[in-house]
Amino acid sequence: MQWEFFLTLLLFNSLWLIEASTSSSSEEDDGSSEQDEEHHKTSSHGHHWSYNDQEAWSAAFQHCNGKSQSPIDVDTSKTIFTPSLPPIVLEGYDLTDAPALTLMNNGHTLQLSLPNSMRIVRGFDQVYLAAQLHFHWGSVEVPGSEHTIDNVHFPAEIHVVHYNSKYASLSEAASKPDGLAVLGGFIGIGLHENENYEKILSALRDVSAEESNTEIPGFNVRHLLPKNLEKFYRYNGSLTTPPCFQTVNWTIFNETITVSRRQLAALEDTLKAGQNQLLSKNFRAPQLLHGRRVQASFISKPIPQNGLSRGDTLAIVFGALFAATLLVFAVYACTQRRKYSKFKNSSKQNVIYKPAIKEEA
Ligand SMILES: *[C@@H]1O[C@H](CO)[C@@H](O)[C@H](O)[C@H]1NC(C)=O
Ligand SMILES: *[C@@H]1O[C@H](CO)[C@@H](O)[C@H](O)[C@H]1NC(C)=O
Ligand SMILES: *[C@@H]1O[C@H](CO)[C@@H](O)[C@H](O)[C@H]1NC(C)=O
Ligand SMILES: [Zn+2]
């Protein structure tokens, strides 16, 4: 009975130890994004593509079937801390009211044209000039960032597209191996209205129709990105829309941007694609890494400085329980042995001093 009890307790503790050490790994999710039959769209160049038939892109655009496609899921446990990654330094982002910027609904996204006086002066081997920024989003039910972190989507994502200054234009650079650098930021929901995002979102109604555009005053575009530009992920990828050229040096910031629930709803709910369909869920599903490495400019899993993580505490508690069980077991085993040897001794005594016992009796 007691032996069984100890064995069960030991087994139970071991199971808990294993459980505690593995429970920190993230839950599985195939990362696929279901798209419903919404807008089918014809681009101005005659190629048809839409977000609800992403599997068909590679038939018309061969690069979409390549091995360095974007977006991707960033598995934070697999990123490679690379302290040598130079921090991103931006110049010319602080625009004044004039000249105005063109905001347009191109049927796939909401896009703001940027002057090439805006540039990334440090972070890459060459200077990269800004061309445009645009967004990817979902719907009220579906978060629509393109990149995911540990298989989790954020509500929306901003992309600021830059091209290598050694090329004459974005279109010339787009197909070159070192052509593009895109800065990506996740947009989540916060308590407060984001007044910087409002500079774009307040003009949404003016571009609700596909292929419509409007002018908005210039502003400090730096404020659309996270405050902290030092923490980012870096990988080699592609355009996330056809023709999917594999020419993008991606930077995805770790700090997220927040807008109010109302602002996000406006983005999800105002623009039209085609005749009467909503322009929403304009995100591509995460693509396979095919052996690519994702670098991180920061330590992904910081070592706890003061205090222990929940996992550590659990491991220590069950470790202690395990040790206690061993100790009790050892003591039990000892006492059993002593009893047995006493019994052996007394039986010997019985044999040796039999006559004496008889005397007493
Ligand atoms: C992206 O930029 C980094 C940093 O300059 C560089 O090491 C890497 O080779 C670049 N990737 C491509 C595809 O040019
Ligand atoms: C990205 O591509 C460049 C050029 O091919 C290569 O030198 C670099 O090592 C790649 N970066 C990563 C993180 O694999
Ligand atoms: C930022 O980094 C931390 C630490 O690795 C991670 O837990 C978190 O998910 C990251 N968030 C984003 C948006 O990258
Ligand atoms: Zn994009």
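With which residue does Lys78 form a salt bridge, and how far apart are the closest N and O atoms? In this predicted model, the partner of Lys78 is Asp75, and the closest N and O atoms of the pair are 3.2 Å apart. The two residues can be set against the accessibility classes: a residue counts as exposed over 50% relative accessible area. Lys78 has a relative accessibility of 63% and therefore counts as exposed. Asp75, with a relative accessible area of 25%, is partly exposed.

The pair formed by Lys78 and Asp75 belongs to a wider set, for a search of the whole structure finds 5 salt bridges. The background to such pairs is simple. Side chains of opposite charge can pair when their charged atoms come close.

A further salt bridge joins the side chains of Asp178 and Lys166, with an N to O distance of 2.6 Å. This pair links distant parts of the chain, its members being 12 residues apart. Lys166 is found in the loop between strand E9 (156-164) and helix H3 (170-173), whereas Asp178 occupies the loop between H3 and strand E10 (180-189). As to solvent exposure, Asp178 has a relative accessible area of 24% and is partly exposed. Lys166 also counts as partly exposed, at 48% relative accessibility.

The next salt bridge brings together the side chains of Arg262 and Glu193, at 2.9 Å from N to O. Arg262 is part of helix H5 (residues 261-269), while Glu193 lies in the loop between E10 and helix H4 (195-201), so the contact ties together parts that are 69 residues apart in sequence. Arg262 counts as partly exposed at 44% relative accessibility, and Glu193, with a relative accessible area of 43%, is partly exposed. The pair does not stand alone: salt bridges with shared partners join Glu193, Glu198 and Arg262 into one network.

Attention may now turn to a bound molecule. Which residues surround ligand 2? They are Asn236, Arg293 and Gln295. Of these surroundings, Asn236 can be described at the level of atoms, since one of its polar side-chain atoms lies 2.2 Å from an oxygen atom of ligand 2; a pair of N or O atoms within 3.5 Å is a polar contact. Taken alone, ligand 2 exposes 360 Å², and the protein buries 34% of that area.

Methods
Residues are numbered from 1 along each chain as its sequence is written. Chains are lettered from A and ligands numbered from 1 in the order in which they are written. This is a predicted model: local features need pLDDT of at least 70, side-chain atom pairs count only at pLDDT 80 or more; totals for chains, interfaces and linings use all residues. Side-chain values use heavy atoms; hydrogens and water are left out. A residue is near a molecule or strand if one of its heavy atoms lies within 4 Å of it. A polar contact is a pair of N or O atoms within 3.5 Å; within protein, one must be able to donate a hydrogen and the other to accept it, and residues adjacent in sequence count only if both atoms are side-chain atoms. Accessible areas come from the Shrake-Rupley method with a 1.4 Å probe; for residues, only the protein chains shown count as cover. A salt bridge is a side-chain nitrogen of Lys or Arg within 4 Å of a carboxyl oxygen of Asp or Glu. Buried means under 20% relative accessible area, exposed over 50%, partly exposed in between (1.4 Å probe, protein chains only). Helices (H or I, at least four residues) and strands (E, at least two) are DSSP runs, numbered from the N terminus.
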